[in-house]
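Me: Please consider the following model and answer some questions on its chains and strands.
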6 protein chains.
Amino acid sequence: MKTIYITRRETFNAAHKLVQPLWSDEKNEEVFGKCANKNWHGHNFTLYVTVKGKPEINTGFVINLKTLSNIIKENVIEPLDHKNLNLDVPFLVGMMASTENLAIAIWEQLEEDVLKHGGELAKIKLIETENNFVEYFGGKEPF
Amino acid sequence: MKTIYITRRETFNAAHKLVQPLWSDEKNEEVFGKCANKNWHGHNFTLYVTVKGKPEINTGFVINLKTLSNIIKENVIEPLDHKNLNLDVPFLVGMMASTENLAIAIWEQLEEDVLKHGGELAKIKLIETENNFVEYFGGKEPF
Amino acid sequence: MKTIYITRRETFNAAHKLVQPLWSDEKNEEVFGKCANKNWHGHNFTLYVTVKGKPEINTGFVINLKTLSNIIKENVIEPLDHKNLNLDVPFLVGMMASTENLAIAIWEQLEEDVLKHGGELAKIKLIETENNFVEYFGGKEPF
Amino acid sequence: MKTIYITRRETFNAAHKLVQPLWSDEKNEEVFGKCANKNWHGHNFTLYVTVKGKPEINTGFVINLKTLSNIIKENVIEPLDHKNLNLDVPFLVGMMASTENLAIAIWEQLEEDVLKHGGELAKIKLIETENNFVEYFGGKEPF
Amino acid sequence: MKTIYITRRETFNAAHKLVQPLWSDEKNEEVFGKCANKNWHGHNFTLYVTVKGKPEINTGFVINLKTLSNIIKENVIEPLDHKNLNLDVPFLVGMMASTENLAIAIWEQLEEDVLKHGGELAKIKLIETENNFVEYFGGKEPF
Amino acid sequence: MKTIYITRRETFNAAHKLVQPLWSDEKNEEVFGKCANKNWHGHNFTLYVTVKGKPEINTGFVINLKTLSNIIKENVIEPLDHKNLNLDVPFLVGMMASTENLAIAIWEQLEEDVLKHGGELAKIKLIETENNFVEYFGGKEPF
């Protein structure tokens, strides 16, 4: 049996803003533009979580998708959905709410729990808008 | 020449919450659930603006899409994009920030300006998430 | 307040086949082609349910989408999801499992319950594949 | 049995330009902008053809989708796919190659043949880019 | 000339169920849930086949897409489309019909024929629903 | 801080044809089929540009997406959008206008400018139609 990758999609809607508190309003406006709006803006985020492994002989599964979905919902969707990323999320405190940082934080929320259920987290893809997304491989550089 | 309908898509990202200020927190939570989160949440909104008319003989156009796009950007996208729908938008003040109300308000922002440029506004479609959208025909009931 | 249309999307996956039991195998094969495969085939169906009404003053809602989603799940998704449309569904018994017939049956499952919750069912759109879908307006002919 | 609408999707890729030969280059550039590029540009067009009718009792079909697909391929896709809309298409000669005019011409190519096969053409939707599309109901104004 | 990857998309619709015949009904229900429905369910599968190579000098092609499409249709789409994955497909006999196993089997159906036509199979991506898909690189672990 | 990948989407519409001038018309027709149509055809191209790097501490950004978008627009979209790929584009002169060659040429247009702004170009994905796309990693073979 050979390694294969399986991906589960989940979604969440959240508010955020991009502001560096060490900077002046002018500098924030210059670097972040509309994303610095003091009263927030928001997005429909789409999250793809990829787990790698070999299909188990009795099920043909790398990981049961119900299990993976529950892991994602408990660790990521529950704390992020319909929340303010700058104010409401313990694991994002003190962090710039960029898509890059958010994807890395999501990886860290999931890695251990996926492992406990016999999978190996391989990739986080986080889509912020139809025009931009990030991909994180736990720091690896596959290309 | 016969009547035909042309549609332009534009997008905006915004924060909002659904809270009825006349109600208790419990009632708001019961009716609006996660959408009542006091620190806001947000969406990527997709807006489709439909104009009806007959193709002009020299251009084959009902309305020049550059013109229509400019009308939408000036009247709708500029005031809504990367904004808080409850706090930042003059034409939404005092209104519940539901998708229904937002679509009706967008129609009212566009109707006159489309008419000035020789078109007739026929429909607003506003997508809030992949699972829900509203359609408004200026109050008409086509079906 | 003016009439507006709100739509909820739900999905279900099901098996079916298209076979007219009064016909010979040859005739079934000729008319239905691969869709008559005796061992079934299946689809990811996407269902859009549209309700019309006027936004309620306190909520800005035509109908609460949680309510609408529950109505659809109970009356349609529960009996159809991961089922065989020819064998497993009481309200489809004796009916050719075409997308047309399925959409009409879904309308009939939903109409009364939507009405009880203060909405008026306006349209069922049922997507069978990316290349075909049907739309049903309760028998009305809007165009 | 009640009226229902069924839609078939087909695609074609074509080149065109928007130039009014009675106008100066400056006027064409002013009105059509980049779309007037003398060496052409092109699009992936997506076409949705909607037929209305009542489900036939033996099949549950308004029209057999294989039949509808063949009608569309023969009358529309074959003459338009991988073609130049200004130069290569007999039924578009002398016509501004706008999406509006193209949709109306497609309707006229299909109407009779759909009728011959027992259907009634109800709508043409033609998507030129993700940001614009037209809808034609044979000149009717449903909204 | 440098290595580049080209991908062809094809689709098929099929029925299947997930049942481990060595297990009790209770165990099957517990592990596979609705997917174990004895009368089957089904999906619209979307298949992406990626071939790597260097563009040939006269064509600019890694592989002619008509050739690749024919290879996929003959080896994969023909045997799978509108079929029951548990009953109708010789190369799936005795295999749990999971998306993982299906993707691996599709790789094995294609690898040799792609090679014969001068390409190198690099990846199979198989989408079962909008919420889950698998990726197979012939057992390699690129990330 | 660990390496992460960020992607920006841009679109352009262009005409092209696939003809090898050293070959006879018959050979061109045989190899390229409809794509050799002498009067051109065209596509809506979708371009995904991926940059890798570590999030900058003050912004959380690998690269500012406004900067990346401007680099792409100036170097790629401006010269390609609403153009003829065989006739109008200096950096494509003398090149077969295949999607493969186009993606490689786009990489070469972008690589240096991305580097100047502190990013490292990692991948070009170019979608020609919903059924085919190419991916280029600067000649690397990640899988």
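Me: How far apart do the closest C-alpha atoms of chain A and chain D lie?

Reply: This is a predicted model, in which local features need pLDDT of at least 70, side-chain atom pairs count only at pLDDT 80 or more, and totals for chains, interfaces and linings use all residues. Side-chain values use heavy atoms, with hydrogens and water left out; residues are numbered from 1 along each chain as its sequence is written, and chains are lettered from A and ligands numbered from 1 in the order in which they are written. No contact (heavy atoms within 4.5 Å) joins chain A and chain D. Their closest C-alpha atoms are separated by 11 Å.

Me: Which relation links chain A and chain E?

Reply: Chain A is superposed on chain E, by least squares on the C-alpha atoms of residues with pLDDT of at least 70 in both, through a rotation of 120° with 0.0 Å of shift along its axis and an RMSD of 0.0 Å. The relation is therefore that of a three-fold axis.

Me: Which residue of chain A has the C-alpha nearest the axis?

Reply: The C-alpha in question lies 3.5 Å from the axis. It belongs to A:Pro142.

Me: Which residue in S5(F) is the bridge partner of E:Arg8?

Reply: Strands are DSSP runs (E, at least two residues), numbered from the N terminus, and two of them pair if DSSP finds at least two bridges between them. S1(E), residues 4-16, pairs antiparallel with S2(E), residues 41-53, over 13 bridges. S1(E) is also joined by four antiparallel bridges to S5 of chain F, residues 132-136. There, the partner of E:Arg8 is F:Asn132.

Note on methods
Buried means under 20% relative accessible area, exposed over 50%, partly exposed in between (1.4 Å probe, protein chains only).
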